[in-house]
Amino acid sequence: MSFAWAKPYEPKTELGRWIDDRLPLPRLVYNAVGGGYPVPRNLNYGWNFGVLSGIFLTIQIITGIGLAMWYYSSADGAFNSIEHIMRDVNGGWMMRYAHSNGASFFFIVVYIHIFRGLFYGSYKAPREMVWMLGLVIYLLMMATAFMGYVLPWGQMSYWGAQVITGFFSAFPLVGEPIRVWLLGGYAPDQAALTRFFSLHYLLPFVIAGVVILHIWSLHIPGSSNPTGVEVKNEKDTLPFHPFYTAKDGWFAGLFLTLYAAVVFFGPNALGHPDNYIPANPLATPAHIVPEWYFWPFYAILRAFTVDFILPAKLWGVLAMFASILLLFFLPWLDKSPVRSGHYRPVFKRFFWLLIIDVAILGYCGGSPAEPLYVALSQIAAAYYFAHFLIVLPLVSKFERPLPLPNSISESVLHGEAGEAAPAGLAPAAAQ
Amino acid sequence: MVRIIGFLVGLGFAGVLLISLVVNLVAYVQSPPGATAEHEYHRHPKELALKSDGPFGKFDEQQLQRGFQVYKEVCAGCHSLTQVSFRDLHKLGYNEAEVKAIANQWSTEVPSVNPETGEPATRKAIPSDKFPSPYANETAARSANNNALPPDLSLMAKAREGGPAYIYSILTGYQNQPKELVEKFPGAKTPQQLHYNPYFANLNIAMPPPLTADGQVTYAEGNPAPTVDQMAQDVAAFLMWTAEPNLQGRHKSGVAVLFFLIIATVFGFLSYRNIWAEAKRKVAPKGAPQPETKAKRTRSAKKAGIAG
């Protein structure tokens, strides 16, 4: 429980009291996502994406369990079993399209969630643990998504597995044996497919576990907010239920509408046609590309083209891992005491530059490795590292932030136009 | 400490990237990648409008039956359709007896075992069988086709960029190789036994033109004339159906799902406005709200259907 004024749980019925005395689960839920969790009253729609991520994780687990009842993890039968699901299993096509597009939407909402955290400094003290657990979830998601994409055993599945497990062979001496050990053979085959399926089924539940830790650690200091000013008193907060359940509820409806539009009317728009060709170890596709949500990292991997001390491939692999791992150090790289980007004029510019930069990386990662795309991704990748490791520490040292509002309620009252205080108004109010 | 190490790591990666950039650009300027025949002559699929396009698209049964006839009489000689069963043809409007007859008279028989001797044999197809492949195995297929493998067509409309439009373009895209192409790229001359087709990725396709003359397939009364263009459109539509047989049901349930979700979202939004309007009023500090805010509240309350 985060704040003194949080409403305590009071069971209303005899049965409720009976349960509360023996297993206070309703109390736990009430304090986590019910009336017992006070939330800053000025959250904007950027804060809806945490709950949305949870919704998509649930969708993935439910549709995935259904699919696993029909899926056959064999190199000979996997492709045909998916087609059987698509054609002859009742509602199978819906389950399968909901699952494959659910992965894309899961990444969309998680990316918005991450960038919201980046802009509003949600990674800063006292929420470092929330941020790092979030990154663990993200890494687990990437592993799960990669292994899930291998399961249909189409051309992109197979060659994607070949390329991504090939990362390990970039490491000298130990790399190749590790790769062979991970795959259970010299190339992706039956052993790899079966273990990927096993892990693909396991990891979502690990993610669910880390999500619980993520929320737990969030509820110690309470949610952050667009001003970045900590909650001071009861006037600054509203109980999660009914206020944020209502807000999350209608916004989830909006997002699920978008999702349904893709599932029912353009289910293959985000996929690659080559994955409707059965895996063939003897025919390499013209352009091997991963799913769109990995494109920025794929661009970083391919941006290293020169053997400078280390082989280019090793540089690429190291940089790709580093591009995510460096985010774990973000709370200590950006030392500015001001959280919200609204009050950080210099940081704000660089933040939008980073958004453009990642978009460029994504675009290059999805394009063929032609010299000009590679050149563009080299510039963009260099900025990516410079942004986090050089620019942010320097900005946080030299920037003069704008004055902050005294409290959340002050910023809200002067900016009643929306729920969030418009950036320009709030600091003026503080003066 | 973290920042010093981070700074060095950042400099390292950015530095190596910039070196790579310079090397890459120098190489590009010194020897720019030459133009290739594929790059200059490959064309994107032609436009093809099918009744199954768009969010409300439905299959045209008549056209699917014509397309099936083209597949049966032309394509099935070399191309398999392994994901589709004879019984699926019910969805094209054929009745039980017709499906049975089609299966029974199919040009290839289904592999089986002689019940007496146990030796490999074949039998006539029944509706629950998948379409049998015209060749016993890949080796047989390659040996009959000059070492090219005719791909399975079940998913072709989803396995190529452009889908049915790609199929239609390939079928109608055969032409003589342009003279300029050979003059400019002597190495790209279409080899013997391949066929020039600008809609195919590397311009030279092993498949000889399958639809060569108008009237190659005889359509039943009441259908359009079987021109090459018409036959190509029909078989493209048919292969869209084999790739996505549940398309129509998907569109239908999609409309229902969207209808439900939009209504639910609107109700959710109204109750959200309702709940928050209350909250904002209650938490207002002291004194009367500013006139501007007050007007806004009245408006939103009216919209939400609650008396201000």
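Is B:N146 buried or exposed? That is where I'd start, and the points below go on from there; keep in mind that this is a predicted model.

1. B:N146 is exposed, because just 11 other C-beta atoms lie within 10 Å and a residue with 12 or fewer falls in that class. This asparagine sits in the loop that runs between α5 (138-144) and α6 of chain B. Its backbone deserves a look too: phi is near 60°, a positive value in a residue other than glycine.

2. B:Q193 also has a positive phi, about 70°, although it is not a glycine. You'll find B:Q193 in chain B, in the loop between α8 (179-184) and β3 (195-196). B:Q193 has 12 C-beta neighbours inside 10 Å, so it counts as exposed.

3. On to the cis peptides in chain A. One is the bond from A:A125 to A:P126, with omega near 5°. A:P126 belongs to the loop between α5 (92-119) and α6 (128-150) of chain A. Another cis bond joins A:H241 and A:P242, where omega is about 10°. Here the proline is placed in a helix, namely α10 (residues 240-265) of chain A.

4. Helix α11 of chain A (residues 295-303) is worth a check for burial. Nine of its nine residues are buried, so the helix is largely enclosed by the rest of the structure. Among the buried residues are A:W295, A:F297, A:Y298 and also A:R302, if you want to see where an arginine ends up. The cover over these residues includes α12 (312-325), α14 (345-366) and α15 (371-398) of chain A, and chain B joins in with α1 (2-30).

5. Just past that helix, A:V306 is in the loop between α11 and α12 of chain A. A:V306 comes out as partly exposed, because it has 17 other C-beta atoms within 10 Å, while 20 or more would be needed to call it buried. Leaving aside residues up to four places away in sequence, A:V306 touches A:A312 in its own chain, plus B:I19, B:S20 and B:V23 across in chain B. For a sense of scale, the C-alpha atoms of A:V306 and A:W70 are separated by 46 Å, with the two positions 236 residues apart along the chain.

6. What does the contact between the chains look like overall? It takes 50 residues from chain A and 49 residues from chain B. On the chain B side, α1, α6 (156-159) and α10 (247-283) each supply at least two residues. That side of chain B divides into 31 nonpolar, 13 polar and five charged residues.

7. Chain B is assigned three pieces: domain 1 (2-33), domain 2 (40-84 + 151-245) and domain 3 (250-304). Taken over C-alpha atoms, the centres of domain 1 and domain 2 of chain B are 46 Å apart.

8. Last, a helix pair in chain A. Helix α3 (residues 49-68) and helix α9 (residues 190-219) of chain A pack at an angle of about 155°, and their axes are 11 Å apart. That angle makes α3(A) roughly antiparallel to α9(A). The crossing of α3(A) past α9(A) is left-handed. From α3(A), the residues involved are A:G54, A:L57, A:Q60, A:I61, A:G64 and A:A68, and they meet A:Y201, A:P204, A:I207, A:A208 and A:V211 of α9(A). By type, the residues of this contact are eight nonpolar, three polar and no charged.

Technical notes:
Residues numbered from 1 in each chain as written. Chains lettered and ligands numbered in written order. Predicted model: local features only at pLDDT ≥ 70, side-chain atom pairs only at ≥ 80, totals over all residues. Helix = DSSP H or I, 4+ residues; strand = E, 2+ residues; numbered from the N terminus. Contact = placed C-beta atoms within 7 Å. Domains from an automatic or database assignment. Nonpolar A, V, L, I, M, F, W, Y, C, P; charged D, E, K, R; others polar. Axes fitted to C-alpha atoms, helices over the stretch in contact; angles between N-to-C directions. Parallel < 35°, antiparallel > 145°, perpendicular 65-115°, else oblique. Left-handed = near helix turned anticlockwise from the far one by under 90°.
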